[in-house]
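The exercises below concern helix geometry, backbone angles, salt bridges and surface charge. Each task is followed by a solution in steps.

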Number of protein chains: 6
Amino acid sequence: MRPSRRAPNELRRIKLTRHYTKYAEGSVLTEFGNTKVLCTCSVEERVPRFLKGKKTGWVTAEYGMLPRSTHDRMPREASRGKQGGRTLEIQRLIGRALRAVLDLEALGERTVTVDCDVIQADGGTRTAAITGAYVALVDAIQYLLKKGKVSKNPIHGAIAAVSVGIYKGEPILDLDYKEDSDAETDMNIVMNDGFAYIEIQGTAEGHAFRPDELQAMLSLAKDGISQLLEKQSAVLSK
Amino acid sequence: MRPSRRAPNELRRIKLTRHYTKYAEGSVLTEFGNTKVLCTCSVEERVPRFLKGKKTGWVTAEYGMLPRSTHDRMPREASRGKQGGRTLEIQRLIGRALRAVLDLEALGERTVTVDCDVIQADGGTRTAAITGAYVALVDAIQYLLKKGKVSKNPIHGAIAAVSVGIYKGEPILDLDYKEDSDAETDMNIVMNDGFAYIEIQGTAEGHAFRPDELQAMLSLAKDGISQLLEKQSAVLSK
Amino acid sequence: MRPSRRAPNELRRIKLTRHYTKYAEGSVLTEFGNTKVLCTCSVEERVPRFLKGKKTGWVTAEYGMLPRSTHDRMPREASRGKQGGRTLEIQRLIGRALRAVLDLEALGERTVTVDCDVIQADGGTRTAAITGAYVALVDAIQYLLKKGKVSKNPIHGAIAAVSVGIYKGEPILDLDYKEDSDAETDMNIVMNDGFAYIEIQGTAEGHAFRPDELQAMLSLAKDGISQLLEKQSAVLSK
Amino acid sequence: MRPSRRAPNELRRIKLTRHYTKYAEGSVLTEFGNTKVLCTCSVEERVPRFLKGKKTGWVTAEYGMLPRSTHDRMPREASRGKQGGRTLEIQRLIGRALRAVLDLEALGERTVTVDCDVIQADGGTRTAAITGAYVALVDAIQYLLKKGKVSKNPIHGAIAAVSVGIYKGEPILDLDYKEDSDAETDMNIVMNDGFAYIEIQGTAEGHAFRPDELQAMLSLAKDGISQLLEKQSAVLSK
Amino acid sequence: MRPSRRAPNELRRIKLTRHYTKYAEGSVLTEFGNTKVLCTCSVEERVPRFLKGKKTGWVTAEYGMLPRSTHDRMPREASRGKQGGRTLEIQRLIGRALRAVLDLEALGERTVTVDCDVIQADGGTRTAAITGAYVALVDAIQYLLKKGKVSKNPIHGAIAAVSVGIYKGEPILDLDYKEDSDAETDMNIVMNDGFAYIEIQGTAEGHAFRPDELQAMLSLAKDGISQLLEKQSAVLSK
Amino acid sequence: MRPSRRAPNELRRIKLTRHYTKYAEGSVLTEFGNTKVLCTCSVEERVPRFLKGKKTGWVTAEYGMLPRSTHDRMPREASRGKQGGRTLEIQRLIGRALRAVLDLEALGERTVTVDCDVIQADGGTRTAAITGAYVALVDAIQYLLKKGKVSKNPIHGAIAAVSVGIYKGEPILDLDYKEDSDAETDMNIVMNDGFAYIEIQGTAEGHAFRPDELQAMLSLAKDGISQLLEKQSAVLSK
């Protein structure tokens, strides 16, 4: 049995709160159980240097954890003077995932910066971030459409993300911190609404995972992502 | 008339929410109108190098703003690789203010780190941070007392902070962002519950302020702080 | 009695030496007793990025201490790779104070950088820096007027700064290092020649200060600044 | 047809040269076609702080590219003052992969640092790095066994890594730079000699990949890794 | 007798391998015995900011050591976040030496960046770097001449460099690491093909060196450089 | 004729002012004409990590220029976040030169840090720094001898430094800024009181220098250093 007493294929309570803060063009508080990530999208009318004059826009992401979002306080990255490898890895992942469903040329010469800040961490912050950031991105694009700055919706698909793993030999969905700490394998999967893969990142923590375990995890992930896509759709239709 | 339509001596709606996050020994969401600051206190059983073996504890503060807590997105300090001068100034102020009401020897050889993270900024983030951090500190000390780690309460007074200013020639209390941007003078005041001063920081932005203007601002600040001390007291007695 | 054997309202020996170095447009060695600060003003025909094309100039300050200006050697900030919070705080203060008496538009699209470097530190380096930097600024502006680069004097007032404090319960003026170390309260005040306040920064080090103590310190500061303004005036009229 | 004219399931010419430099305990020049990575293992009789006194060793990796290992010169990370996100991501991957086949307790309280430096880059540097680093690690462990510092071989499996991708709709093995630039999907896979997965990292660059494409890539990877494991085995038996 | 058993005036085995890597405009593996330095020249069609619009080009050098090029592993400068003083000193020396034989105006508005990366270090890496970098520079300039980007050869002389020292009281040529560690004096000399000096850097490590010792070292250096210039000439004529 | 109207072998006015500041164990204002460098020696009862427990002391130097010590203001290194290559090169040179005349074991387990800060720069700051730092070091050692912390004088020689160059084809001594800017060759020489060489650093700026030019410069340098050693001796005997 899982420490969280959930069924192997059961997601945590998912909650997406739109318009959580008032200035950002998109702002979503994303909750996967006790994991809480604030995802904001900021539109700026400029592009990074490498895209200047190329008639295309850019979507980029930044990720951070409040120092006491975790069980023990972590040093503040701003005070240490640099972002760690894990932070850079996660924000590169979030950016890539969102760019996979957005036509950068249709966005026009502007940048959407997605900030994913972890208020409380209980495992799965990166998958929560991607799932919520997609909703915030939709809101930011709606803002641009309403303002007439963009004429055609540059978003051509939905994405959501979830973690899966092998815990005491059994494949489980959406690991919380305790489960993740004890898992032998941890995999993060991003899929689109056509159930094709955007990103797969699987790591054997304890023992290498067999092909049949991989298949079982892929199957769980698909089920989880299907539910997450529905949650996004429901909250966006309000 | 103030842009906020408040009376000159009127505070914004003040809300202090204890236990806002679940891991920190003290965790208070502080709201001064639209300004929202999460103040957490983390207890660690170690002291900085300069206090090693001196049989005394330490209280220190760190301050940060989420990149899109503001009207326009600000660059993330972790990504720029250093904390700016304003950030350092504010976190030094918060730390000094809290140390002024805490007996570091009675705390014992441990450190309380106070993180003040701005979720949404509408002026007065540093005074909100100090006012809320005091409540979080009380909770963290209560935790230590309950655990038996500290035998005598090291807190020997209460503190609160508020801003005052001269707006269109008139002294006003608790400036929001719009008022602050147009103010000729801006002053942050920290007082204790004996109504003595812990810190006064006044800056002439537009024109230098006369002694009578200073006295009027000091008087407004005292009234505001008196109300804030009551709010703290009320929320702590729950 | 004060360790320095001075009367409570007595300044240290003040000495302002103009043209101390030969390249800077303004260069003043400022001595408040054993505290020695070299203040230079450098004029550059460019403005920072945020002012480009705005038809206005800029005045900014930088502050540094020689490593062995102090009793014990301090690590060199250039070698540590960053300026500390105290340094940033002081240089922000100096810049703000000077901008308060200078019309940036009348200065034209150029920058005056004020470098305040402490050769020897015995308390009150920031107030000495401001008092001397004002004189160096006047010299730099005179240079611009003589060169015909500026047609109208952009300086519209004089400023000086002094520290006050509560030492063994008594308010005193212009604290040296020893007095400052033992003071219960330390306050730095910048005023203009109309005796209005440019900046007030007061901190309770030991015990909070009462309103009557604040008033006594404000009164001492006014007297001290009055004398400093006369010193500046005398040295500038040579 | 692939730009490299190879069959879809054909590796590049693989060459592993042991003892390439003379000081390192393990030193292997790894060539995957024109991609050349120097992998050295350095044994140091100390462990990182977080492992002190825990009676366990550590294996960590660092990755770098010579500035002109690539078609266009890249800025030197040492001169830019920090390692980029891609570098950190790759060196974390290499370290994790090697730790997956090594018993850190059996290694004893020492650190093996694996440096993977790219002399020439033509795609697949991270998979070449892992494949060669494994051989260098075996040599370094042999050195420890011969010296009697380690009594039992801490390596409990072999690993190799290869990239697979979808190029013009077709799954291909071991992409060179040109193929990688045009691929729609890029996946790096690390497996052990029991053909279980150590790491899977797949990213949709152009279009999301379907489950059947994933399965085809996994199958190609297994074939490639099988050949790489044989190459390692052959070169180690000399 | 020298530890290397060489005669006092005997160079190590010198080997210069052109076209060692395939992308750089010039690429030379330079071997002075066991010291191996890869020197690449990269041509970029831009100049640094301080030369913009001045109708002149630039030659600059960067130097690095692979972490395990040395007997004991050295920390990677990219990971430490800065280049050390020795590195900066060496790369400034290499750049100055090459600029001494190149007409920057004739080069045109472009930059040649010379990267000298030490694969294996056994003393004399900086002199090997200069000697090999000259050959790589010739190749890069030939590339520009062939492409018609430069019409007149901007190189107006050849340079080579060698170290000399006093070992156990006797002057010796081309010190290896062991000899260098025990030498009382170490001197690096760069000369051109007219046997005039480009750079002399001599340091007394143990005891100060007398004028007659200086003269003996200068004489040895001239002989060594004469042989190195012949080696360069021979390899370039192939 | 030299721009300074001095004879080719004529030093500038040299002035060494001991006890220039009051806290340092040695403090000398060194003037070579308009070049003014403050050299302080600070004694600290600790050694760097690499010398711990080795029963030996350390002498190290740091060098800095006040931002407006030069004709045009230079950016402050503390604010840029790092020391430049030239600064590191000079401070390494000063440290090496002083260590050449000091027995580190006789110094005992303590560190002398020599800070050379340029107040005004008119060429030759590094040679002025070495010449003055030697005097400050003697004072610091005298302090240790008087305090009984050191029983035997660890200084076993005197050193001084001067620059020489080729200006319009003629060898000249002690170049000022204007001469240095136009010189074809610039050489800094450090010698001891036995007229043996501690350090020679010569660079061809314009054209390579011939052996006969080198000899002429060496001869000038010896004369200059002879006079500097006398100045040091005279000022130390007061």
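**Exercise 1.** Which residue just after α4(E) takes a positive phi, and of about what value? Determine also whether the end-to-end distance of helix α4 of chain E agrees with the expected span.

*Solution.* The residue is E:Gly148, which takes a positive phi of about 75° just after α4(E). Before going further, note that this is a predicted model, in which local features need pLDDT of at least 70, side-chain atom pairs count only at pLDDT 80 or more, and totals for chains, interfaces and linings use all residues. Residues are numbered from 1 along each chain as its sequence is written, chains are lettered from A and ligands numbered from 1 in the order in which they are written, and side-chain values use heavy atoms, with hydrogens and water left out.

Step 1. Helices (H or I, at least four residues) and strands (E, at least two) are DSSP runs numbered from the N terminus. The expected span of a helix is 1.5 Å times one less than its number of residues.

Step 2. Helix α4 of chain E covers residues 125-146, and its 22 residues should therefore span 32 Å. The end C-alpha atoms are 31 Å apart, which agrees.

Step 3. Of the 22 residues of α4(E), 18 are buried, so that the helix is mostly covered. Here buried means under 20% relative accessible area, exposed over 50%, and partly exposed in between (1.4 Å probe, protein chains only).

**Exercise 2.** Describe the backbone and surroundings of E:Asp174, and identify a salt bridge made by this residue.

*Solution.* Step 1. E:Asp174 is placed in the loop between β7 (170-173) and α5 (177-182) of chain E. Its phi is near 60°, a positive value in a residue other than glycine.

Step 2. Because its relative accessibility is 0%, E:Asp174 counts as buried.

Step 3. A salt bridge requires a side-chain nitrogen of Lys or Arg within 4 Å of a carboxyl oxygen of Asp or Glu. E:Arg12 meets this criterion with E:Asp174, the closest N and O atoms being 3.1 Å apart. E:Arg12 lies in the segment before β1 of chain E, so the pair ties together parts that are 162 residues apart in sequence. Both E:Arg12 and E:Asp174 are buried.

**Exercise 3.** Characterise the salt bridge between D:Arg6 and D:Asp174, and that between F:Asp212 and F:Arg210.

*Solution.* Step 1. In chain D, the side chains of D:Arg6 and D:Asp174 meet at 3.6 Å, N to O. The pair links distant parts of the chain, 168 residues apart: D:Arg6 is in the segment before β1 (14-18), D:Asp174 in the loop between β7 (170-173) and α5 (177-182). D:Arg6 and D:Asp174 are both buried.

Step 2. In chain F, the side chains of F:Asp212 and F:Arg210 form a salt bridge at 3.0 Å, N to O. F:Asp212 is partly exposed, at a relative accessible area of 46%; F:Arg210 is likewise partly exposed, at 41%.

Step 3. Over all chains, the structure holds 132 salt bridges.

**Exercise 4.** Which residues are linked with A:Asp174 in a network of salt bridges?

*Solution.* The network links A:Asp174 with A:Arg2, A:Arg6, A:Arg12 and A:Glu179.

**Exercise 5.** Is E:His19 buried or exposed?

*Solution.* Step 1. E:His19 is found in the loop between β1 (14-18) and β2 (26-32) of chain E, with a positive phi near 55°.

Step 2. With a relative accessible area of 58%, E:His19 is exposed.
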